[in-house]
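Biologist: Please teach me how to read a structure of this kind, one feature at a time. I should like the general idea before each case.

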Amino acid sequence: MDTTKTPAPNAAEADTDPVALEKTETTQPAEAAADSTVTDKVTDEVTDEVTDADLDDEALAEDEAEDREPSHVGSAAFAIVAAGLGVVALSGSWVAGIVSERASIAARLELTQAADANAQIAAQFVDPWHTTAMVNGIFSALALIVATFVLALPAFSSPERILPTWVRSVSWAGIGLGALGILLFVLMYFDLLLAIPKAAGAGA
């Protein structure tokens, strides 16, 4: 009787069965592909979220820029300048003083020894007076022009642009001072406010 036993297959050899190896090799690429697909989906979702967030931030920034009120620094500065010019026109300036002195000196140089009292009065007082009125009238006209420009500026810009109340008030003050200065210029230059003094019996 043959008592030889057939040896049992080795476990290591069973694990290295070709069919099992093929199944293992086939499963690993499939799992890798599935993992790659999931990773790509997650990346795309994150990218979409980041892109949407950026777009929302940009849209919000644009809305804030549109809602932000425009700067009125230039308008305010011009309004203050207009009011200042009106005050200078009414109170006088060193420019008017210098021009008046020059007119007085020029008129005296033109006088002759035979000039009568009325000619001397005109040379010493009337000509400098008219020159001062003319300089003040120029300042008044500048104040009126600048203030009118400030008030008319919103008409040439977007309809939403409205000047602050204090800027409009200062501009109207500049217009009032400028108009008053021009009125005084006319009255002084054409001797309507005060009559020219005349020497009694001069030229007789």
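Modeller: We begin with burial: a residue is buried under 20% relative accessible area, exposed over 50%, and partly exposed in between, using a 1.4 Å probe and protein chains only. The structure is a predicted model, in which local features need pLDDT of at least 70 and side-chain atom pairs count only at pLDDT 80 or more, while totals for chains, interfaces and linings use all residues. Residues are numbered from 1 along each chain as its sequence is written, and side-chain values use heavy atoms, with hydrogens and water left out.

Biologist: Is His130 buried or exposed?

Modeller: His130 has a relative accessible area of 16%, so it is buried. Ala117, in contrast, counts as partly exposed because its relative accessibility is 33%. Over the whole protein of 204 residues, buried residues make up 20%.

Biologist: How many helices and strands does the secondary structure come to?

Modeller: Helices (H or I, at least four residues) and strands (E, at least two) are DSSP runs, numbered from the N terminus. Here there are 6 helices and 0 strands, and the pattern along the sequence is α-α-α-α-α-α. Both His130 and Ala117 belong to helix H5.

Biologist: With which residues is His130 in contact, leaving aside its neighbours within four places in sequence?

Modeller: Contact means heavy atoms within 4.5 Å. On that basis His130 is in contact with Met188, Tyr189 and Asp191. Met188 is one of the buried residues of H6, and Asp191, just after H6, takes a positive phi of about 55 degrees. Residues distant in sequence may meet in this way: of the contacts with a separation of 6 or more, 81% join residues 24 or more positions apart. Ala117 offers a related case, for its C-alpha lies 7.9 Å from that of Lys198, although the two are 81 residues apart in sequence.

Biologist: At roughly what angle do the axes of H5 and H6 cross?

Modeller: Axes are lines fitted to C-alpha atoms, for helices over the stretch in contact, and angles run from 0 to 180 degrees between N-to-C directions. Helix H5 (residues 117–152) and helix H6 (residues 165–189) have axes that come within 7 Å and cross at roughly 155 degrees. H5 is therefore roughly antiparallel to H6; angles under 35 degrees count as roughly parallel, over 145 as roughly antiparallel, 65 to 115 as roughly perpendicular and the rest as oblique. The crossing of H5 with H6 is left-handed, a term used if the near helix is turned anticlockwise from the far one by less than a right angle, and right-handed is used if clockwise.

Biologist: How do the residues of the contact of H5 with H6 divide?

Modeller: Ala, Val, Leu, Ile, Met, Phe, Trp, Tyr, Cys and Pro count as nonpolar, Asp, Glu, Lys and Arg as charged, and the others, Gly among them, as polar. The contact of H5 with H6 has 17 nonpolar, 8 polar and 1 charged.

Biologist: Against which helices do the buried residues of H6 pack?

Modeller: They pack against helix H3 (73–91) and H5. The axes of H3 and H6 come within 8 Å and cross at roughly 30 degrees, and the two helices are therefore roughly parallel to each other. Their crossing is left-handed. Among the residues that meet are Ala79, Ala83 and Gly86 in H3 and Val170, Gly174 and Gly181 in H6. The residues of this contact comprise 13 nonpolar, 5 polar and no charged.

Biologist: How far does H3 reach from its first C-alpha to its last?

Modeller: The expected span of a helix is 1.5 Å times one less than its number of residues. H3, with 19 residues, reaches 27 Å, close to the 27 Å expected. H6, with 25 residues, reaches 36 Å, close to its expected 36 Å. Just after H3, Gly92 takes a positive phi of about 95 degrees.

Biologist: Which residues does Asn136 touch, not counting those up to four places away in sequence?

Modeller: Asn136 touches Val88, Ala89, Gly92 and Ala96. Asn136 is found in helix H5 and is buried because its relative accessible area is 13%. Helix H4 (residues 94–109) and H5 pack at an angle of about 145 degrees, with axes 8 Å apart. Ala96 of H4 and Asn136 of H5 are among the residues that make this contact. H4 passes H5 in a right-handed crossing.
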